[in-house]
Amino acid sequence: MDYIIAGFWKALDMIFSGDPELWGIVGLSLRVSGSAIIIAALVIIPLFTFIGLRSFRGERVLSRVLNALMSMPSVVVGLLVSVTLSRRGPLGHLQLMYTPTAMIIAQVILVSPLIACLTYEMVKHRGREIQKLGQTLGASKIQSTFMVISELKSELFIYTVNGFSRAISEVGAVMMVGGNIKGDTRVITTTISMLNSMGDYAMAFALGMILIVISLVINAVLYTYKEKRADV
Amino acid sequence: MEVKLEQVSKRYGQKLIFENLNETFESGKITGLVGDNGAGKSTLLRLIAGLDLDYTGHIYYDGQPLRKPLYQQMTMVFQTPYLLKRSVYDNIAYPLELRHRPAAEIKQKTETMIARLGLEKLEKQYAHKLSGGESQKVALARALVFEPELVLLDEPMSGIDAASVSFMEQMIQDYVREYHKTVIMITHNTRQAQELCDRTVHLNGAWMGGNQ
């Protein structure tokens, strides 16, 4: 029990003394997951808004596929990206394996189905009415798409933040494609996993606490945003 | 804009909504579309608006079939209008922004419309938070601000107070007289059909007949 208490106090000391290694890991985690979510949101939201506004054969199949992909295990994503980026893989010549870029790619693939599925279902449910209005006001297809995004921005923002939560808390994919290299590709979750197996709990606790704080901040932001939107 | 229907039929799956409709909606007139529930009035308006292209027969707009530019010249107001999550001002200005009109024109036309509606005090409020009558006024103003050739109204005055109804009727009448545009409106109100509309058309399944 003593080692847990000692580890906890040391963790607090590391956090408040501004331990460079600890905060370097936190910074990289935020950069990787932040970049992944921005890229995914910028590509996926307009794309699936556009698709969601159209009626076509196979709509139900697409819904089911997206739903299934949403729960895709992160290790499977890690495996696919590893195979693609490894030296012998089709994109091996880019030499991206074990770099933050590889981790961003993996997280983009991981969170895209989540954002795509939620966006698609929301647009199918509410976007078509907005599109209909756009058409009666003379909006082009592109204008209608952006009108729908603008009208549903609260919901889409919430989906994006949920995607960020998933990205920053996952360990499998970033471990496989990043390699958990000290000072280079080590992020919060991979470090906690490694330190746990080494029995070095101080930094693991510190990172765990920071991860919980990040999660609380995300929830607070979401809660406040939802409340504000309800008032609007 | 004159709208002409030739042998227009509509089915939803196996269900026939109406068949072989032939009718001409004249330019510069308010035509009331009346009929029983389920007669297909809203469906017909959606076909004319180009929101539903799954029908047989022909619809001509000033002798032309529906083409992309025509969408810019017509509008439709629904029974329950969707107002954008923006201010009243922004909602009314929106169709003009879509058409990339100059900023000065947008401001002038929007402010004129707001003044006509008497909504100056509400112009900065969120439109989707307004009451039923106010919402309908904003929806109508938004539809008329860009001076469309054809205005389709799907019971826009049902369930709102008498003062708002009277105000909107006057607005529609002024619009048609001032700009010589075409209005087709669904109504269940006999007084409205007689007083506001230049002509009423009865839609009853397969049959359509009109009276002056």
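User: In which strand of chain B does Gln7(B) lie?
Analyst: In this predicted model, the backbone at Gln7(B) is marked by a positive phi, near 50°, in a residue other than glycine. Gln7(B) belongs to the stretch formed by residues 3-12 of chain B, which is strand β1.

User: Is Gln7(B) buried or exposed?
Analyst: A residue counts as exposed if 12 or fewer other C-beta atoms lie within 10 Å of its own. For Gln7(B) there are 11 other C-beta atoms within 10 Å, so the residue is exposed.

User: Which strands of the sheet of chain B stand at the edges?
Analyst: Four strands of chain B form an open sheet with antiparallel pairing, in the order β2-β1-β4-β5. The edge strands each have a single partner strand, so one side of each is left without a neighbour in the sheet. The strands in this position are β2 (15-25) and β5 (64-65) of chain B.

User: Which residue of β5(B) does Tyr60(B) stand opposite?
Analyst: Strand β4 of chain B covers residues 56-61, and two bridges pair it with β5(B) in the antiparallel sense. Opposite Tyr60(B), in β5(B), stands Pro65(B).

User: At about what angle does helix α1 of chain B run to β1(B)?
Analyst: Helix α1 of chain B consists of residues 41-49 and lies across β1, β2 and β4 of chain B. Relative to β1(B), the helix runs at about 120°.

User: Which residue of β7(B) is the bridge partner of Met76(B)?
Analyst: β6(B) runs parallel to strand β7 (residues 150-154) of chain B, and four bridges join the two. Within β6(B), Met74(B) and Met76(B) point one way, Thr75(B) and Val77(B) point the other way, and all are buried. Across in β7(B), Met76(B) has as its bridge partner Leu152(B).

User: Which element gives the most to the side of chain B that touches chain A?
Analyst: The contact takes twelve residues from chain A and 14 residues from chain B. On the side of chain B that touches chain A, two or more residues come from each of β6 (74-77) and α3 (88-98) of chain B. With three residues, the element that gives the most is α3(B).

User: How do the residues of the side of chain B that touches chain A divide into nonpolar, polar and charged?
Analyst: This side of the contact is made up of 14 residues from chain B. Its residues divide into two charged, two polar and ten nonpolar.

User: How many helices and strands does the secondary structure of chain A come to?
Analyst: From the N terminus on, the elements of chain A run α-α-α-α-α-α-α-α-α-α. The C-alpha trace of the chain spans about 70 × 50 × 25 Å along its principal axes, and buried residues make up 39% of its 232 residues. The secondary structure comes to ten helices and zero strands.

User: How far apart are the axes of helix α2 and helix α5 of chain A?
Analyst: The crossing of α2(A) and α5(A) is right-handed. Their contact draws on 20 nonpolar, eight polar and one charged residue. Helix α2 (residues 20-52) and helix α5 (residues 100-136) of chain A pack at an angle of about 35°, and the distance between their axes is 7 Å.

User: How is α4(A) placed with respect to α5(A)?
Analyst: The two helices meet in a right-handed crossing. The contact includes Val77(A) and Val81(A) of α4(A), and Ile105(A) and Ile109(A) of α5(A); its residues divide into eight nonpolar, two polar and no charged. The axes lie 9 Å apart, and the packing angle is about 135°. That angle makes the placement of α4(A) with respect to α5(A) oblique.

User: Is Gln95(A) buried or exposed?
Analyst: Gln95(A) is found in the loop between α4 (74-85) and α5 of chain A. Its phi is near 55°, a positive value in a residue other than glycine. Because Gln95(A) has 12 C-beta neighbours inside 10 Å, it counts as exposed.

User: Which residue follows α9(A)?
Analyst: Helix α9 of chain A covers residues 188-198, and its buried residues are Ile188(A), Thr189(A), Thr190(A), Thr191(A) and Ile192(A). The residue that follows α9(A) has a positive phi, near 75°, and is Gly199(A).

Methods. Residues are numbered from 1 along each chain as its sequence is written. Chains are lettered from A and ligands numbered from 1 in the order in which they are written. This is a predicted model: local features need pLDDT of at least 70, side-chain atom pairs count only at pLDDT 80 or more; totals for chains, interfaces and linings use all residues. Two residues are in contact if their C-beta atoms, placed from the backbone, lie within 7 Å. Ala, Val, Leu, Ile, Met, Phe, Trp, Tyr, Cys and Pro count as nonpolar, Asp, Glu, Lys and Arg as charged, and the others, Gly among them, as polar. Axes are lines fitted to C-alpha atoms, for helices over the stretch in contact, and angles run from 0 to 180 degrees between N-to-C directions. A crossing is left-handed if the near helix is turned anticlockwise from the far one by less than a right angle, and right-handed if clockwise. A residue is buried if 20 or more other C-beta atoms lie within 10 Å of its own, exposed if 12 or fewer, and partly exposed in between; C-beta atoms are placed from the backbone. Two strands pair if DSSP finds at least two bridges between them. Angles under 35 degrees count as roughly parallel, over 145 as roughly antiparallel, 65 to 115 as roughly perpendicular and the rest as oblique.
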